[in-house]
Amino acid sequence: MNTRHEPSGRIDPIERVLADQPLRQPGDQLDRRIDALLEGKKARPVVARIGPMISLVGATAAMIALALLIHYTLPGNPDSGGNVPGGIVEAEPDPALEIERRWAVLEPGRIMITEDRRAVQPMRYRTVRQTRWVDPQENVEYELTVPQERVLLLPIRVD
Amino acid sequence: MADDLGQLYRRHRQGLFTLALSVTGNAEQAEDAVHDAIARLCKRERLGVEDPTAYLFRSVRNAALDQIRKRRTKLRSAESIFDHTLADPDRKQATDLERQEQTERVQQALDDLPEPQRQIVIMKIYGELTFRQIAEALDTPLSTVASRYQQALLALRQPMESLV
């Protein structure tokens with residue numbers, strides 16, 4: 001026990017008597033509680049490591065999903081019929097038909113755990129397709145705006 | 001950091017508990033105070049302090065003061081920081097009884113000290129802290145800590161004279 005009388009180093013007899021007294025001990029329960037706290041503290045960095053990994057996997061999945069969606073929705077792509085809303089079959093391109101604008105937004109959602117305990121990353125893909133064409137015979141301009149939203153659930157590996 | 005905190009706790013377990021017990025006067029609340037202080041430190045990524053030992057004692061003292069504030073009654077518990085139990089209660093040998101009496105007198109002498117002096121004595125003798133660490137733990141100038149400690153020893157000399 002450090003009962004030295006600073007700074008001279010001399011030990012006071014009062015200090016010696018105080019130091020000789022038997023101290024009341026904390027219970028074992030305290031040690032168990034502290035151990036549980038410290039174990040929890042050790043476990044937390046593992047979660048912290050998984051977090052960025054999930055984000056990285058999620059971001060990669062999002063990029064792949066975006067690439068696939070762009071591929072399948074590009075005009076002129078032979079596979080692009082997949083994005084026609086409501087199962088409408090697109091007509092053959094007409095010289096009067098003009099696709100003017102298309103907006104697309106891809107938003108990754110929060111990672112979820114499915115009922116069968118799989119981690120999935122929801123990707124919300126929103127598009128607005130605006131089509132305008134002119135009927136030269138009637139001299140009428142038609143405009144069609146089709147908003148569309150899809151949610152893709154991309155499986156994620158977290159191990 | 002959990003390992004560092006664990007080592008720090010194990011090294012100062014007794015001193016931390018004794019300090020908390022001297023503040024709260026209740027063993028259960030003293031354990032809660034030590035637990036709460038460690039729990040708060042666990043939430044931090046790193047301690048980021050110059051002297052972790054002084055900081056831990058400071059945290060436990062603050063947590064012990066919080067325990068007092070949480071009490072519904074203002075009546076102060078007065079459990080001893082010492083172990084007054086006899087080695088063999090059935091035999092009650094003269095030396096044991098003498099020792100028990102001595103411990104009770106030391107406890108009484110400590111109880112009669114002003115609170116700041118008592119905490120300094122406990123951190124110094126039972127926490128084995130340096131004056132500099134005590135000053136940091138109490139956020140008090142080093143010279144004040146040293147002089148209060150000397151005053152405490154002087155105050156203890158008379159009631160403990162026969163024990164020296």
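**View 1. Chain B and chain A bury about 3800 Å² between them.** Of that buried area, 59% is on carbon and sulfur atoms. Do keep in mind, as you look around, that this is a predicted model. The size of an interface is often given as the accessible area lost when the parts come together. In terms of residues, 30 from chain A are in contact with 48 from chain B.

**View 2. Polar links and salt bridges join chain B and chain A.** Here we move in on the charged and polar pairs. Four salt bridges are counted between chain B and chain A. One of them to look for pairs the side chains of R24(A) and E79(B), with 2.9 Å from N to O. Across this interface there are also 17 residue pairs in polar contact, with both residues at pLDDT 80 or more.

**View 3. Several helices of chain B supply residues to the side that touches chain A.** Which helices of chain B each supply at least two residues to this side? They are helix 1 (2-24), helix 2 (27-42), helix 4 (94-111), helix 5 (115-125) and helix 7 (142-157). Helix 1 of chain B gives the largest share, with 10 residues. Sorted by class, the side of chain B that touches chain A holds 26 nonpolar, 13 charged and nine polar residues.

**View 4. Helix 6 of chain B, residues 131-138, is mostly covered.** How many of its eight residues are buried? Six of the eight are, namely F131(B), Q133(B), I134(B), A135(B), A137(B) and L138(B). Looking outward from these buried residues, you will find that what covers them includes helix 3 (52-70), helix 5 and helix 7 of chain B. Follow the chain on to D139(B), just after helix 6, and you meet a positive phi of about 55°.

**View 5. P159(B) sits in the segment after helix 7 of chain B.** Is P159(B) buried or exposed? The residue is partly exposed, because its relative accessible area is 30%, which falls between the 20% limit for buried and the 50% limit for exposed. Leaving aside residues up to four places away in sequence, P159(B) touches R105(B) and A109(B). It is also worth finding D112(B) in this view: P159(B) and D112(B) are 47 residues apart in sequence, and their C-alpha atoms are 9.9 Å apart in space.

Definitions and conventions
Residues numbered from 1 in each chain as written. Chains lettered and ligands numbered in written order. Predicted model: local features only at pLDDT ≥ 70, side-chain atom pairs only at ≥ 80, totals over all residues. Heavy atoms only, no water. Contact = heavy atoms within 4.5 Å. Buried area = accessible area lost by both parts, 1.4 Å probe. Polar contact = N/O pair within 3.5 Å; in protein donor to acceptor, adjacent residues only side chain to side chain. Helix = DSSP H or I, 4+ residues; strand = E, 2+ residues; numbered from the N terminus. Nonpolar A, V, L, I, M, F, W, Y, C, P; charged D, E, K, R; others polar. Buried < 20%, exposed > 50% of the residue type's maximum accessible area, 1.4 Å probe, protein only.
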